[in-house]
Amino acid sequence: MSKQRKKKLCVIILLCFVIIMMVSAWGLTIQEKSNNKQNKGPDAGLEVSENKMSMTQKRTIKVSFELPKEVNVDDLMWTYGGKALSEWKKMDLTTGEDGDAFITVSEIEVKKNRAYASVTFDLPYDTENLADGPLFQTVPYVDMIGTFELAVADKNHVIAAAPIELLPYDSYCNYKMLKSKIEEITEQAGTDRYIETTTIGKSEAGRDIYFTVIAKDKKAVDNYENDILPSMMKEPGRLQQDIQNGSIDNYQIPIFINNIHPNESSGVSAIVELLRTIALEDKISYSDKNQKKIELDMDDVLDHVFFLLVYTDNPDGLDNMTRFNDNYFDLNRDNAAQIQPETQCVTEQIAKWCPITLLDLHGFDKGFLIEPCSPPHNPNVEYDLLMDNMLEQARNMGDAAITNTKYEQYYIPYEEFKKTVEDPSYKSDATQLNWDDASAAYTATFAMNLGTMGHTIEVPEMNEESVNALLYCIKAAINYTITDKDRLFLNQLEIYRRGVENLDKTSVDAYLVDDQNMVIGRERGDNQNFFPEYYVLPIDKELQKNPLEVYKMMEYFLRNGIEITQLTSDTTIADITYKAGTYVVDMHQAKRGLVNLVLYDGVDISNATYVTSAFVQDFPVLRGFNCYKVRENGIFDNKLAAVTTVSIPPVVKQGESEYIIIRNTNNDAIKAVNQLLLENKCVEMVETSEESYKAGDFLVKTEDLEPLLNQYYLETEMCVDNIPKGKRLASSKVVAWGDAAYVLNKLGFEVTQNTDEGDIFINALDVEEEVKKGKPYIAFGNMGMNNIETLIPDFQFVGPEWQNYEGVFLANVNQTHTITAPYNSKEYFYSTMASYITRVPKSAEILMTISEDANFFKEGWWPGHDDARGQILAFSYQEEKKKIVVFANDLVNEARSQSQYRLLATAIYDLQVLSVEDGK
């Protein structure tokens, strides 16, 4: 062989070797990639027949995946969310006890290296109704909500995985999902609908409250807001004529859908699904009670109405899945009072838009409740123009819901009451025979004061079927409204016409009945009109004990669309001179029902068998300001100027002096004192009363107070010659819970729930030994008095065992004690306890007694209140080391009785002084 041939052969052999090595390397790489793909699993993928599971509907899904040859089926391990399926235990919602696993795998088989199996998600709580759980507690299923990986693995590697969402039911929506769902639906709708979602305010914890307007187009909304609505408020009679003669025929009116208890989550879900339906569907349909199919063209619907959606008033509760907001307040007891920021935002929208219908979506009533309500009723509502239509609409909603879902019954409290009274043998299936609308604290009943057909709807369950039931109710309400829109709107306009003309129609009386269906009617006394012509709220010291609360009252009215005015000149009526600047609310306005609700003297319904909730509003008593009625129409003609904004004026010092007195006349005084104490400034509580100050006022250095004068509205007196005697206050940490803790925090006190850390106890339990050793105690209401009953000899009181009654009553007030001297000698106070004190030790000092006057009881529901006449309301007790102050009435219930905050605050200050004297 020649050298040349040998050289060629060597090259060929070398090339062959290189090719063999490259092929081998390529093969190894392919094998490695194949192995890696099997190990990573999710890249290979777990194929699933469905990726959404429900806690209220048992489901079995089919899954499949490539099974590596070396893996034995019996060695497979299944996990969900990183936990073995055996760790996903069932739970008893009542006892909290664990049961068997609710996620299981079955029917595993292998075909051609592919494994197939069935995965079952059973009911984790062995119920299709999550409303079976605790009503007022955070529900355990919250922690299970989410999207988790369902994975299968051998002992070394994950073979395959897929995300599976687990929800209480399919359309469930929590706060984290809400915004994205709204945005997704809006994007899908494109320009076919006008959809505008805004944030109308923030919750106590700073979460957004979302509000959606959905209409045919923006023109429809603008026309209502800029043309129709102003006429509703100013010229409802003319608008009635224009509709009746056909001058106006192309107009749209709003339907308002709301949720306020987000743990009743079917309501939130239903509103989101309603948005989806209106935005994306061409038609909505349902069957009526006769199985006739009702089909509504969505374009036709939007030719008649537009929609206002508040997905929930309470985003804090939705995020935490509780009934309460971040202050632990039930917002559905705050719609009239509007203390919480959430209710202020939502009621402002209700008052702004004046919807024809408002549906407040709730749960859970096993009988399926739909309002209107049983008596007692609220006399400020025009029931003759609302009730019959509300009743017909409720029947339409209920019939649609039970015809198109599994539910077989619903009930209307108004109807059940009538049936029960008219036929003693009638046996009602209703779960709530006493479900009244005396209170405007609820969203729906609040809206009725504004001329709206307001319905609370309580579905029986928490699951997808309950969402469907609410949607069918809404569909039927839509159909009812568009079918008879002109007549319903003319009725609403008649409510506003009565307001503008301040008419009191006796046709309302027939609807105002007692629990025996006997007519009570509106209480007019010697007056022909239930409504006064004007309410007058002065701000000068001669006629007003608390100007700060008057300014806040005006802010309330403006927020709720109430027209207010001020006198431009002094005016004398019945020997009372109202100075220029005095606020006047003319009752000749469309929303006069809401004005009267919060300013009138209220009614005594103590003869009622049962009242569902606190109904007294009476802001002059609850918030502590003077308000005067004027019944002569036109007496202020040409003397009133419209008010569109209210600003609380700054404090103006009257002269110069080293010391200044802060009058204890409003809650800002307490806030200022607490801020001064926090800054370690000297504050003394005045011990005696003189012409320009009273015991219980506060003495401070002028230079210390000056930086706060623009922060608080304070009534002050300069001390030039006569510096009053006082006792120095010291900061204390107060032990309190619930409403008391909320109020005290707002007033600037340092509050704790740790009894070991506290200096003063408020209604605390199990602290008898500490009180005996000298820690002060303030007791109020039944609970507080029960707590300290054994600590005070010869102490006896009367109060209900469980029922919260309610009353406003006249009391005589001790004018020498620092706790009570800041109040007038005779004051109206409020209680939800129907409690009074019948015996105290001889050494006790009486602070307040219930008046002996024959008409001492002003309003409320307090059966047997005559027994309280002349009894003790509050006292102070000191013996040995014990220092206790006792109030029989509840001082801070739902934070509504702002006028009584100072009783609690000044009692704390008084006990601070005593503690300092003891050498604390």
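Me: A pocket is an open set of grid points with protein on both sides within 12 Å along at least five of seven lines, and a lining residue has an atom within 4 Å of a point. How many residues line the second largest pocket, and which lie nearest its centre?

Reply: This is a predicted model. In it, 36 residues line the second largest pocket. Nearest its centre lie K545, F625, N626, N824 and E827. The space in this pocket is about 770 Å³.

Me: Which element gives the most to the lining of the second largest pocket?

Reply: Strand 39, with 4 residues. Helix 16 (619-624), strand 26 (628-630) and strand 39 (826-831) each supply at least two residues of the lining.

Me: How is the lining of the second largest pocket split by class?

Reply: The lining has 12 nonpolar, 9 polar and 15 charged residues. Asp, Glu, Lys and Arg count as charged.

Me: What makes E107 and K62 a salt bridge?

Reply: The rule asks for a side-chain nitrogen of Lys or Arg within 4 Å of a carboxyl oxygen of Asp or Glu. For E107 and K62, the N to O distance is 3.3 Å, so the pair passes the rule. E107 sits in strand 8 (residues 103-111) and K62 in strand 3 (residues 59-66), so the bridge ties together parts that are 45 residues apart in sequence.

Me: Why is E107 called exposed, and what is K62 called?

Reply: Exposed means over 50% relative accessible area. E107 has 56%, so E107 is exposed. K62 has 48%. That value falls between the 20% and 50% cut-offs, so K62 is partly exposed.

Me: How do you know that D299 and R193 form a salt bridge?

Reply: Their side chains meet at 3.2 Å, N to O. The cut-off is 4 Å, so the pair counts. The two belong to distant parts of the chain, 106 residues apart. D299 is in helix 6 (residues 298-304). R193 is in the loop between helix 2 (175-189) and strand 12 (194-202).

Me: Is R193 called buried or exposed, and why?

Reply: Buried. The class needs under 20% relative accessible area, and R193 has 10%, so R193 qualifies. Its partner D299 has 45%, so D299 is partly exposed.

Me: What makes R522 and D504 a salt bridge?

Reply: The closest N and O atoms of R522 and D504 are 2.7 Å apart, so the pair is within the 4 Å cut-off. Both residues lie in the loop between helix 13 (485-500) and strand 21 (534-537), 18 residues apart. Both are under the 20% cut-off, so both count as buried: R522 at 4%, D504 at 16%.

Me: Which residues does the network around R522 and D504 join?

Reply: Salt bridges that share partners join E382, D384, R498, D504, D509, R522, R524 and R592 into one network. Across the model, the count comes to 57 salt bridges.

Me: How do you know that K475 has no salt bridge?

Reply: The nearest side chain of opposite charge is E281, 8.8 Å away. A salt bridge needs 4 Å, so K475 has none. K475 is buried all the same. The residue sits in helix 12 (residues 464-483). Leaving aside residues up to four places away in sequence, K475 touches I284, S285, Y286 and L296.

Me: Why is L558 called partly exposed?

Reply: L558 has a relative accessible area of 26%, between 20% and 50%, so the label fits. L558 is in helix 14 (residues 547-559). Residues up to four places away aside, L558 touches I564, V643, T644, T645 and V646.

Me: What is D300 called, and why?

Reply: Partly exposed. Its value of 36% lies between the same two cut-offs, so D300 falls in that class. D300 lies in helix 6. The C-alpha atoms of D300 and S831 are 52 Å apart. Along the chain, 531 residues separate them.

Me: Which residues of helix 19 are buried?

Reply: In helix 19 (residues 738-747) they are A740, A741, Y742, V743, L744 and L747. G748 follows this helix, with a positive phi near 95°.

Me: What makes up the whole protein?

Reply: Its secondary structure comes to 22 helices and 44 strands. Of the 920 residues, 57% are buried. The C-alpha trace spans about 140 × 80 × 65 Å along its principal axes.

Notes. Residues are numbered from 1 along each chain as its sequence is written. This is a predicted model: local features need pLDDT of at least 70, side-chain atom pairs count only at pLDDT 80 or more; totals for chains, interfaces and linings use all residues. Side-chain values use heavy atoms; hydrogens and water are left out. Buried means under 20% relative accessible area, exposed over 50%, partly exposed in between (1.4 Å probe, protein chains only). Lys and Arg count as positive and Asp and Glu as negative; His and the chain ends are not counted. Contact means heavy atoms within 4.5 Å. On a 1 Å grid over the protein atoms alone, a cavity is a set of points where a 1.4 Å probe fits but cannot get out, and a pocket is an open set with protein on both sides within 12 Å along at least five of seven lines; lining residues have an atom within 4 Å of a point. Grid points are joined across faces, edges and corners, and a volume is the space filled by probe spheres set on the points.
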